[in-house]
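Visitor: I am new to this structure and would like a close look at a single part of it. Please choose one strand, and explain what surrounds it.

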Amino acid sequence: MTIKTVSTTPYGDQKPGTSGLRKRVGVFMQPNYVENFVQSVFDSLEGYHGKTLVIGGDGRYFNDVAIQRAIRIAAANGFGAVLVGRDGLLSTPGASHIIRKCKAFGGLVLSASHNPGGPEGDFGIKYNVGNGGPAPERITDAIYARTKAIERYRIADVPDIDLSRLGTQHSGGMAVEVIDPVADYAALMETLFDFDRIRALFASGFRMRFDAMHAVTGPYATRILEEMLGAPAGTVVNGTPLPDFGGGHPDPNLVYARDLLELMMGPDAPDFGAASDGDGDRNLIIGRGRFVTPSDSLAILAANAPLAPGYAGGIAGIARSMPTSAAADRVAEALGIELHETPTGWKFFGNLLDAGRVTICGEESAGTGSNHVREKDGLWAVLLWLNILAARRQSVDEVVRGHWRTYGRNYYTRHDYEEVDAAAAGALMDDLRGRLPDLPGQAFGPYQVSYADDFTYTDPIDGSTSARQGIRIGFSDGGRIVLRLSGTGTVGATLRLYLERYEPPDGRHDLDTQAALGPLIALAERIAAIRSRTGRDAPSVIT
């Protein structure tokens with residue numbers, strides 16, 4: 001094997017965000033851009049020589065090119081073997097499982113998740129550590145520091161790997177095994193859920209629509225739902241992964257999964273609708289006539305998890321991201337288990353999961369998962385919902401209403417202002433931070449501010465601290481206003497506004513969400529002046 005050492009110069013913009021490095025495809029196509037980042041990842045690690053690296057992605061444009069480069073750089077840097085999904089495909093939770101099952105040193109996941117694909121779309125690379133989860137901040141900080149000083153990268157001068165052919169090949173002296181991306185994941189799901197009971201549900205005439213959004217979950221959903229569980233052919237739609245996601249936006253929300261929403265709210269709706277995103281870690285759940293918010297879904301899954309064999313012994317605890325509604329808190333309180341509030345980003349759940357402190361985790365951004373992997377997992381959430389429906393023999397609407405009658409309802413919404421001017425968004429947040437000490441005790445009509453802070457998280461396992469994770473303004477009635485800048489966009493800034501209010505078990509549970517939160521929405525504008533500061537008259541997306 002001939003190894004080339006190539007001189008390079010740093011790029012100043014390779015700071016990983018909430019979930020790795022994400023930029024426009026054109027940025028990644030710049031000379032040495034991929035090579036610099038991958039080499040910086042390896043330069044920031046120790047002890048990987050002779051070890052196994054997992055590589056895979058969501059099939060978006062440029063995935064195939066970047067994977068071949070990553071394989072050659074891994075070979076040149078002394079990895080002993082690479083496991084890569086056939087055609088370069090591995091869902092993010094699937095990659096996490098392979099890392100854990102095969103005791104790999106770590107993995108490179110090539111995806112920009114729910115962001116658009118294609119030549120004008122987005123691309124991303126993130127590093128996952130040996131527990132299968134995203135690299136913690138100490139590693140991503142080291143990677144960023146290295147990207148600013150890199151002077152050379154090492155790459156093997158060898159032919160490309162045939163990613164369409166299962167089996168072992170070689171990149172110089174390093175073995176490269178092309179694996180079935182679905183098989184191991186499907187086997188894991190079969191240990192967690194009652195497949196016989198779900199098969200019986202489908203055999204009874206239960207109808208479902210799963211929109212894979214032309215993203216990576218298509219092959220997984222087809223294999224598991226149609227081939228293993230007996231759902232009728234055609235249950236999975238848009239099931240072929242495409243480099244541009246069929247021209248769509250692979251984000252399973254009510255804007256980009258509009259066709260599914262209209263079907264589920266229509267006169268011939270099936271019993272259950274679901275979707276997943278670009279890399280398979282997010283989910284959308286809709287019953288006939290009933291959209292389930294991600295926050296409610298987390299709470300309902302946690303409350304009903306023991307209905308599935310994998311969780312029959314109960315759950316140890318629940319973790320949720322700070323902006324996620326407090327619906328899960330009420331379940332944890334009723335069950336007498338731990339509840340942890342963390343910053344946004346799945347990496348913050350890893351220590352809690354590894355320590356056995358929590359079993360189920362979730363984020364309001366449609367990510368839910370458990371201790372089976374160290375990533376959120378869209379198809380896992382769908383299968384747990386199916387297991388619950390099969391066990392309870394109730395509709396989605398009946399399950400949701402029953403939950404509210406037991407725990408109460410947290411009316412909740414998220415307003416996204418996408419691609420706003422980054423300087424304006426930053427100034428808005430800085431100004432609001434400066435006013436936080438004066439807000440507690442103030443009254444805004446019926447709303448009495450009980451606390452106002454910029455969320456800081458101290459990890460209970462390793463003591464690490466993460467500051468400036470989002471502004472929280474809490475009220476005496478349990479309502480909240482939260483503002484934060486997202487770390488998953490690639491252009492400008494995305495300002496997210498979260499609002500919630502609590503209605504008790506005997507309260508009014510059938511109000512329109514935006515109407516129920518109308519006074520808080522108006523108050524948020526009064527406090528933060530989003531419209532005047534950003535120049536936006538309305539959010540880009542309301543969830």
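**A covered strand and its sheet**

Guide: Let us take strand S6, whose two faces are both covered: on one side Asp122, Gly124, Lys126 and Asn128 are buried, and on the other side Phe123, Ile125 and Tyr127 are buried as well. Here buried means under 20% relative accessible area, while exposed means over 50% and partly exposed lies in between, with a 1.4 Å probe and protein chains only. Counted as a whole, S6 is mostly covered, with 7 of its 7 residues buried.

Before going further, please keep in mind that this is a predicted model, in which local features need pLDDT of at least 70 and side-chain atom pairs count only at pLDDT 80 or more, whereas totals for chains, interfaces and linings use all residues. Residues are numbered from 1 along each chain as its sequence is written, and side-chain values use heavy atoms, with hydrogens and water left out. The names of the elements also follow a rule: helices (H or I, at least four residues) and strands (E, at least two) are DSSP runs, numbered from the N terminus.

S6 belongs to an open sheet of 7 strands with mixed pairing, in the order S2-S6-S5-S3-S4-S9-S8; two strands are taken to pair if DSSP finds at least two bridges between them. At the edges of this sheet stand strand S2 (21–24) and strand S8 (167–171), each of which has a single partner strand, so one side of each is left without a neighbour in the sheet. From one strand to the next, the twist averages 20 degrees.

What are the partners of S6 on its two sides? S2 pairs with S6, residues 122–128, in the antiparallel sense over 4 bridges, and S5 also pairs with S6 in the antiparallel sense over 4 bridges. On the S2 side, Gly124 in S6 is the bridge partner of Arg22, and Leu21 stands opposite Ile125 in S6. In the pairing with S5, Val109 stands opposite Lys126 in S6.

Helices lie against this sheet too. Helix H2 (residues 33–43) lies across S2, strand S3 (52–57), strand S5 (106–110) and S6, and runs at about 15 degrees to S6, where axes are lines fitted to C-alpha atoms, for helices over the stretch in contact, and angles run from 0 to 180 degrees between N-to-C directions. Helix H3 (residues 63–76) packs on the sheet as well, touching S3, strand S4 (81–89), S5, S6, S8 and strand S9 (174–179), and its direction makes about 170 degrees with that of S3; contact means heavy atoms within 4.5 Å.

Within the sheet, Gly88 has its place in strand S4. Gly88 counts as buried because its relative accessibility is 0%. Leaving aside neighbours within four places in sequence, Gly88 is in contact with Gly56, Gly57, Asn63, Ile67 and Leu163. Gly88 and Pro243, by contrast, are 155 residues apart in sequence, and 12 Å apart in space from C-alpha to C-alpha.

The loops beside S5 offer two further details. Ser113, found in the loop between S5 and S6, has a positive phi of about 55 degrees although it is not a glycine. With a relative accessible area of 2%, Ser113 is buried. Lys103 lies in the loop between helix H4 (92–101) and S5, and it too is not a glycine, yet has a positive phi of about 50 degrees. Lys103, however, counts as exposed, because its relative accessibility is 73%.

Lastly, consider the nonpolar cores, each being a set of buried Ala, Val, Leu, Ile, Met, Phe, Trp, Tyr and Cys residues joined through side-chain atoms within 4.5 Å. The largest core has 70 residues, and those with the most contacts inside it are Phe193, Phe272, Trp380, Trp385 and Leu386; helix H13 gives the most to this core, with 11 residues. Apart from this core lies another, of 44 residues, among them Leu45, Leu53, Ile71 and Phe123. With Phe123 we return to S6, where this residue is buried on one of the two covered faces.
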